[in-house]
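Here's a walk through one protein model, going from a single residue out to the strands, the whole chain and the empty spaces. Have the viewer open as you read.

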Amino acid sequence: MAFDKITEKVLGIIAGEGFKQEGAYNVRYNGTALCHGDTEHIKIKRKQDTQGIDVYISAEVQGEQVHIPVVVSASGMTDVVYNDFYIAGGADVHIIAGCGIHNAGCNDTRHDGIHTFHVGPGANVKYEEKHYGEGEGTGAKILNPVTRILLEEDAVFTLETTQIEGVDSTKRETEVVLGAGAKLFATEKLMTHDRQEAVSNVDVVLEGDGSSAQIISRSVAKGESVQTFHPRAIGKAGCHAHIQCDSILMEQARVVSIPEIDASHLDAAIVHEAAIGRINNDQLMKLRTLGLTEEEAEGVIVEAFLN
C-alpha cells in the first residue's frame, strides 16, 4: 500500500528504517487498521468487540520482528486502541511500536494505546515504543499509553520507550508483574520543551523468587516544560531491583523524580537513586573550544545523554 507524504515521514521517525510492509506488521491510521501481514508463526487478528488487535507469537519464533506503528493526522480525533500480545514460552521476538501525531488543525488530537503482554515461561521479548508529534496547527498532540506486562517463570522483557519531541501532553502508565526468575530491563528516554507536560508512573511487582528488575529513566526538560517520573518497585519475594533516574534541567523547566521502593520479604534487595542537574559547564567549554556554538554544544551533550 502506498502512503501519503505525511504518513511516510511519520512512519520513518517512529518505526525506523527497519519497517517495511513485509513479515508481521499492522499499520493503524486515523483510528482504523490500514493494512497488516502475518508470518508462519506470528498471527495478527483484529478484535471483534473493540478497537485493537490480538497478536499471537508461537514458540517457533526466534529473532523475528513485529511492527505495529500508529499514525494520527486527523485534527480533533481521539483514538483509543487495545492490543494484546500472547507470546508462547521459549519464543524470542522483537516488537517495534510507536505513535506519531501530525496535527495541522486547531483541535486537540489524542491517541491512547493500551498494550498488554502475556509472556510465557522462558520467552525473550524486546519491545520498543517511540512517540512523536508535529504539525503547524494550534491543537495539542496528546499521547497517553498504558503498558501491562505479565511475565511467567524465567521470562525476560526488555522495554525501551522514547518520546522524541513535539508531544504536548503525555501520561504513561506502566505495570509489570514478574514471576519466579523473570527479568525486566526498562529504559525510558524523554525530551520535553516549551510548555509540554509529561507524567510517567511505573509499578513493578516482583512476585517470584529470583526475579529482578532494572528501571532507568533519562530525561531532558527545556523551556517551561514539566516532567514527573514516579517509578515504584515492590518486592514480594527474594528478588533484586534497581531504579535510576537522571535528568538534565534547562531554562525554566521543572523535573520531579519520585523513586519508591516497597519490600515485604526479607530477601528483597531494592535500591533507588535519582539525580537532576544542569549541563556541565566544563563539557560545554570543551566543545566550544572545538568550534561549536553554545547551542550546538548543548545539542551534542543532550543527544549523548539520551543515547
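## Starting with Thr39

Thr39 has a relative accessibility of 17%, so it counts as buried (buried is under 20% relative accessible area, exposed is over 50%, and partly exposed lies in between, using a 1.4 Å probe and protein chains only). You'll find Thr39 in the loop between β2 and β3 (42-46). Leaving out residues up to four places away in sequence, Thr39 touches Gly23, Ala24 and Glu64, where contact means heavy atoms within 4.5 Å.

A word on the ground rules: this is a predicted model, so local features need pLDDT of at least 70 and side-chain atom pairs count only at pLDDT 80 or more, while totals for chains, interfaces and linings use all residues. Numbering runs from 1 along each chain as its sequence is written, and side-chain values use heavy atoms, with hydrogens and water left out.

## The chain as a whole

The secondary structure comes to three helices and 21 strands. These are DSSP runs numbered from the N terminus, with helices being H or I of at least four residues and strands E of at least two.

How does the radius of gyration sit against the globule rule? The chain has 20 Å, and a compact globule with 307 residues would be near 19 Å, so the two agree. That radius is taken over C-alpha atoms, and the rule is 2.2 Å times the number of residues to the power 0.38. Along the principal axes, the C-alpha atoms fill a box of roughly 55 × 55 × 35 Å. Buried residues make up 50% of the 307. Of the contacts with a separation of 6 or more, 80% are between residues 24 or more positions apart.

## Following the parallel strands

Try tracing the strand pairs from β12 onwards; two strands pair if DSSP finds at least two bridges between them. β12 and β14 run parallel, joined by eight bridges, and Glu160 has Thr187 in β14 as its bridge partner. β14 then runs parallel to β16 over ten bridges, with Thr192 partnered by Ala221 in β16.

From β16 (residues 211-221), eleven bridges lead to β18, again in parallel; here Ala213 has Ala241 in β18 as its partner. β18 in turn pairs with β21 (residues 268-277) in the parallel sense over ten bridges, and His240 stands opposite Ala269 in β21. Strand β18 (residues 239-249) is largely enclosed by the rest of the structure, because eight of its eleven residues are buried.

## Closed spaces

Rolling a probe the size of a water molecule over the atoms shows where empty space is left. On a 1 Å grid over the protein atoms alone, a cavity is a set of points where a 1.4 Å probe fits but cannot get out; a pocket is an open set with protein on both sides within 12 Å along at least five of seven lines; and lining residues have an atom within 4 Å of a point. Grid points are joined across faces, edges and corners, and a volume is the space filled by probe spheres set on the points.

The whole structure has three cavities of 30 Å³ or more, and the largest has a volume of about 110 Å³. It is lined by 15 residues, with Leu159, Thr161, Ala186, Glu188 and Val202 closest to its centre. β14 gives the largest share of this lining, four residues, and β12, β13 (169-178), β14, β15 (197-206) and β16 each supply at least two. By class, the lining divides into nine nonpolar, four polar and two charged residues. Here Ala, Val, Leu, Ile, Met, Phe, Trp, Tyr, Cys and Pro count as nonpolar, Asp, Glu, Lys and Arg as charged, and the others, Gly among them, as polar.

## Open pockets

The largest pocket has a volume of about 540 Å³. Of its 23 lining residues, Met191, Val302, Glu303, Leu306 and Asn307 are closest to the centre. Which element gives the most to this lining? That's α3, with six residues. The lining has ten charged, seven nonpolar and six polar residues.

The second largest pocket holds about 250 Å³ of space. Its lining takes in 25 residues, and Arg28, Val70, Val81, Asn83 and His111 lie nearest its centre. By class, that lining has twelve polar, ten nonpolar and three charged residues.
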